[in-house]
Amino acid sequence: DKIECNPLFVGGALYATSPRATVFALNGADGREIWRFSPVDDAKARGESPADLGEQRVNRGVAYWAHDGDRRILTTHGHYLFAIDAASGRPVQTFGDGGRIDFKLDQKIGRDLGSVLVTSTTPGALYHDLYILPLTTTEGPGPAAPCDLCAYDVRSGQRAWVFHTIPRP
């Protein structure tokens, strides 16, 4: 595991990720932990195997979104995008499936991606209420697959649009 995180400092709190992709918030004045969120613990609480999250080799941080008192931290682990309440550190239940979406399911390329690595190691870009997420796949020999660039609604987790990296008819 490797960390290349750029922490965010917003409203007196520092938001960042650990080498194992645990997201945390620290009080900027005294460094005390406010909360932490572990995608692995979240998977266990859902009755899933942490291995089902997919592989996470590198993590480069989180994104922060706020509107009308709703503040969210967006982060990825494996092939999941999580929306976490910035105040409590808990998944936003109205986002996707109880706070997360499986972006691997959005990659409709005409074949099963079950064994293919699909992940995002870089925080996406926010534009209004859209979270534009860069995805990556295996880069060496093996079952590599093209990935599309997707934008997700920050409030619901629904895919808003897709840019096909390989043009389609």
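This passage describes the fold, the sheets and selected residues of a predicted model.

The model is predicted, so local features are reported only at pLDDT of at least 70 and side-chain atom pairs only at pLDDT 80 or more, while totals for chains, interfaces and linings use all residues. Residues are numbered from 1 along each chain as its sequence is written, and side-chain values use heavy atoms, with hydrogens and water left out.

The chain contains one helix and 16 strands. Both are DSSP runs numbered from the N terminus: helices are H or I runs of at least four residues, and strands are E runs of at least two. The chain has 169 residues, of which 43% count as buried. Buried means under 20% relative accessible area, exposed means over 50%, and partly exposed lies in between (1.4 Å probe, protein chains only). About 8,700 Å² of the chain is exposed, and carbon and sulfur atoms supply 52% of this area. Accessible areas come from the Shrake-Rupley method with a 1.4 Å probe; for residues, only the protein chains shown count as cover. Contacts (heavy atoms within 4.5 Å) were also counted across the sequence. Among those between residues at least 6 apart in sequence, 43% join residues at least 24 apart.

Strands of a sheet pair through backbone hydrogen bonds, either parallel or antiparallel. Here, two strands pair if DSSP finds at least two bridges between them. One open sheet has four strands in the order β2-β3-β4-β5, and its pairing is antiparallel. Strands β2 (8–10) and β5 (33–37) stand at the edges; each has a single partner strand, so one side of each lacks a neighbour in the sheet. From one strand to the next, the twist averages 20°. Axes are lines fitted to C-alpha atoms, for helices over the stretch in contact, and angles run from 0 to 180 degrees between N-to-C directions. Strand β4 (residues 23–27) is joined to β5 by four bridges, and the two run antiparallel. Across this pair, Ala 25 stands opposite Trp 35 in β5.

Another open sheet of four strands follows the order β7-β8-β9-β10, also with antiparallel pairing. Its edges are β7 (63–67) and β10, each with a single partner strand, so one side of each is left without a neighbour in the sheet. Neighbouring strands are turned by 20° against each other on average, direction ignored. Five bridges join β7 to strand β8 (residues 70–77), and these strands run antiparallel. His 67 stands opposite Asp 70 in β8. Asp 68 lies in the loop between β7 and β8. Its phi is positive, about 50°, although Asp 68 is not a glycine. Asp 68 counts as exposed because its relative accessibility is 72%.

Arg 100 is placed in strand β10 (residues 100–102). Its relative accessibility is 3%, so Arg 100 counts as buried. Leaving out residues up to four places away in sequence, Arg 100 touches Asp 42, Arg 46, Glu 48, Leu 53, Tyr 80, Leu 81, Phe 82 and Phe 95. Arg 100 lies over the face of Tyr 80, at 4.1 Å from the ring centre. A charge sits over a ring if NZ of Lys or CZ of Arg is within 6 Å of the ring centre and within 35 degrees of the ring normal.

The structure holds four aromatic pairs. One of them joins Tyr 80 and Phe 82; the pair is tilted, at 6.3 Å centre to centre with 45° between the planes. Rings of Phe, Tyr and Trp (its six-membered ring) pair if their centres lie within 6.5 Å; planes under 30 degrees apart count as stacked, over 60 as edge-to-face and the rest as tilted. Both Tyr 80 and Phe 82 are buried. Ring pairs also link Tyr 15, Trp 35 and Tyr 64 into a cluster.

Strand β13 (residues 130–133) has a covered face, formed by Tyr 131 and Leu 133, and an uncovered face, formed by Leu 130 and Ile 132. Three bridges join β13 to strand β12 (residues 125–127), and the two run antiparallel. Ala 125 has Ile 132 in β13 as its bridge partner. The hairpin of β12 and β13 has two residues between the strands, and His 128 there takes a positive phi near 55°. His 128 is exposed, with a relative accessible area of 61%. Four bridges join β13 to strand β15 (residues 149–153), again running antiparallel. The bridge partner of Leu 133 in β15 is Cys 150.
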